[in-house]
Amino acid sequence: EGSGNVDASGNFSIEVLRSALLNQYGLSLPNIRQQGIGDQIEVTEIEGFICNREAHWFAIRKINGRFWNLNSTKERPELISHFHLAAEIEGLQNSGYSVFCVVKNLPAYCTTSAGRERGLPQYWWKESDLVEGKTQAITGATDPWKDVGSGMRLDGSSTRASSGGASSGSTNGGGYGMTEDEQLQMALAASMENYTEAPPVAVKSFQVKPEPAVSEPGAVRIQFRLPNNSGRVVRRFLDTEPVGSVYAFVQQSAPPPPGKSTLELKFGFPPTDLLPHQDATIGETKLSGESIQGRYV
C-alpha cells in the first residue's frame, strides 16, 4: 500500500519485473530504445523482449532458434522471421509500446513433460504445426498421442527422446521422435530427389526512381545488408515498382568488385532468391518491412 510500483488494479511496474529478474537470474532488463541497445547489437541476437502499453504486457522470445510472439490477445503464438523481427519491434514502438529486452542468458524454456503441468494443456502448442501454419494445430489438450506410452524405434532409441514442451520434431515423413540432425538429413535427401538444375536467369536493366516520401501512398520500407561489407541501409520504394528496381538500387549503392559481376539478393527465412521475381512488383512479392541480403558472385 502506498507503493508507486503497483497500481489500484494490482498491475506491477517495470521496476518490479526488473528486480525479480535481477534477484532470481542476475538479468538486466533495459529499454531497447532509451539505452541504445538496438544500436549496439543485432536485434536477432537478443533472446527475449517484453512489450508494454498501458496495462497490457506480452513477450517475444527465441525458442529453438525461432522468434515467437506470445501475445495473449492472439489465438496462438505467432512466428516472426529473423528478417521481420526488427520491423516488428519498430512497429510496436511506433504504436506506443515500450519494449524492454534480455540480451542473453535467459532461463531455459520448458523441455520436460513435468514442466508442461505448470500451464493449462490448451496453451501448449505443437511447434511443428505452428511453423507449418496449420489451422488445426495440435495443443496439449487435443494431442491424440498424449496418453500413449513411449515406444522404441528400429535404432533402439525411444520415440519420446526428444519430446516434451513445445515439440521441435516434425510429424512429416515419419520425422516424429527424430533428432534435429536426423530431420535435417532427411530434408536434404528429400530436396535432392528428382532435382534438375534450372536454367540461369539474367538480371535485367531497371531504373532507380526517386525515393518516395514517407507519407506518399504505397510507400514501403526495405532494409538492405549491402554487398562488399558496405553496411546496412534503409530505403523507401513504392509497392508498385518492380523488384528489378531493388536490384538497380543495390548495384548503384554498392558497385561490383573486380572479377565479380553477378548480384545475388535474398530475403525471407529460409533465404529466397529474388531474381525470379524481378518483373513482379514489390507489393506482390511482399517485400515491405523485409531485410534483403546482397552479395556479388
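The largest nonpolar core here has 20 residues, and Phe224 and Ile292 have the most contacts inside it. Four elements, β6, α6, β8 and β10, each put in at least two residues of this core, with α6 giving the largest share at 4 residues. Then there is a second, separate core of 16 residues, which includes Ile37, Val43, Phe67 and Val99. Bear in mind that this is a predicted model.

**The chain as a whole**

- The chain has 6 helices and 10 strands.
- Of its 297 residues, 32% count as buried.
- Take the contacts between residues at least 6 apart in sequence: 58% of them join residues at least 24 apart.
- Accessible surface adds up to about 18100 Å², and carbon and sulfur atoms account for 52% of that.

**The five-stranded sheet**

- Five strands make an open sheet, ordered β4-β3-β2-β1-β5, with antiparallel pairing.
- The edges are β4 (78-80) and β5; each has a single partner strand, so one side of each lacks a neighbour in the sheet.
- On average, neighbouring strands in this sheet are turned by 25° against each other, ignoring direction.
- At the β4 edge, strand β3 (residues 66-69) pairs with β4 in the antiparallel sense through 3 bridges, and Asn69 sits opposite Glu78 of β4.
- At the β5 edge, strand β1 (residues 48-53) pairs antiparallel with β5 over 5 bridges; here Gly48 has Val102 in β5 as its bridge partner.
- Edge strand or not, β5 (residues 98-102) is mostly covered, as 4 of its 5 residues are buried.

**Helices on that sheet**

- Helix α1 (residues 14-25) lies across β1, β2 and β5, and runs at about 5° to β5.
- Helix α3 (residues 82-94) also packs on the sheet, where it touches β1, β2, β3, β4 and β5.
- The direction of α3 makes about 165° with that of β2.

**Strand β10 and its two partners**

- Strand β6 (residues 219-225) runs parallel to strand β10 (residues 291-296), and 3 bridges join the two.
- Strand β8 (residues 263-267) runs antiparallel to β10, with 4 bridges between them.
- Gln293 of β10 turns up in both pairings: Arg225 stands opposite Gln293, and Lys266 has Gln293 as its bridge partner.

**Phe224, a hub of the 20-residue core**

- Phe224 is one of the residues with the most contacts inside the largest core.
- Leaving out residues up to four places away in sequence, Phe224 touches Gly231, Arg232, Val233, Arg235, Phe237, Val246, Phe249, Val250 and Ile292.
- That contact list takes in Ile292, the other residue named for having the most contacts in this core.
- As a general backdrop, nonpolar side chains tend to be buried together in soluble globular proteins.

**Two buried serines**

- Ser291 lies in strand β10 and counts as buried because its relative accessible area is 7%, below the 20% cut-off.
- The side chain of Ser291 makes a polar contact of 3.5 Å with that of Gln223.
- Beyond residues up to four places away in sequence, Ser291 touches Phe83, Gln223, Arg232, Lys266, Phe267 and Gly268.
- Ser245 is in helix α6 (residues 244-253), and it is buried too, with a relative accessible area of 1%.
- Setting aside neighbours within four places in sequence, Ser245 contacts Phe206, Gln207, Val208, Phe237 and Ile282.
- Phe237 also appears among the contacts of Phe224.

**Two loop residues with positive phi**

- Glu54 isn't a glycine, yet its phi is positive, at about 55°.
- Glu54 falls in the loop between β1 and β2 (56-63) and is exposed, with 75% relative accessible area.
- Asn105 is another non-glycine with a positive phi, about 70° in this case.
- The loop between β5 and α4 (127-131) holds Asn105, which counts as exposed at 56% relative accessibility.

Key. Residues are numbered from 1 along each chain as its sequence is written. This is a predicted model: local features need pLDDT of at least 70, side-chain atom pairs count only at pLDDT 80 or more; totals for chains, interfaces and linings use all residues. Side-chain values use heavy atoms; hydrogens and water are left out. Buried means under 20% relative accessible area, exposed over 50%, partly exposed in between (1.4 Å probe, protein chains only). Two strands pair if DSSP finds at least two bridges between them. A polar contact is a pair of N or O atoms within 3.5 Å; within protein, one must be able to donate a hydrogen and the other to accept it, and residues adjacent in sequence count only if both atoms are side-chain atoms. Contact means heavy atoms within 4.5 Å. A nonpolar core is a set of buried Ala, Val, Leu, Ile, Met, Phe, Trp, Tyr and Cys residues joined through side-chain atoms within 4.5 Å. Accessible areas come from the Shrake-Rupley method with a 1.4 Å probe; for residues, only the protein chains shown count as cover. Axes are lines fitted to C-alpha atoms, for helices over the stretch in contact, and angles run from 0 to 180 degrees between N-to-C directions.
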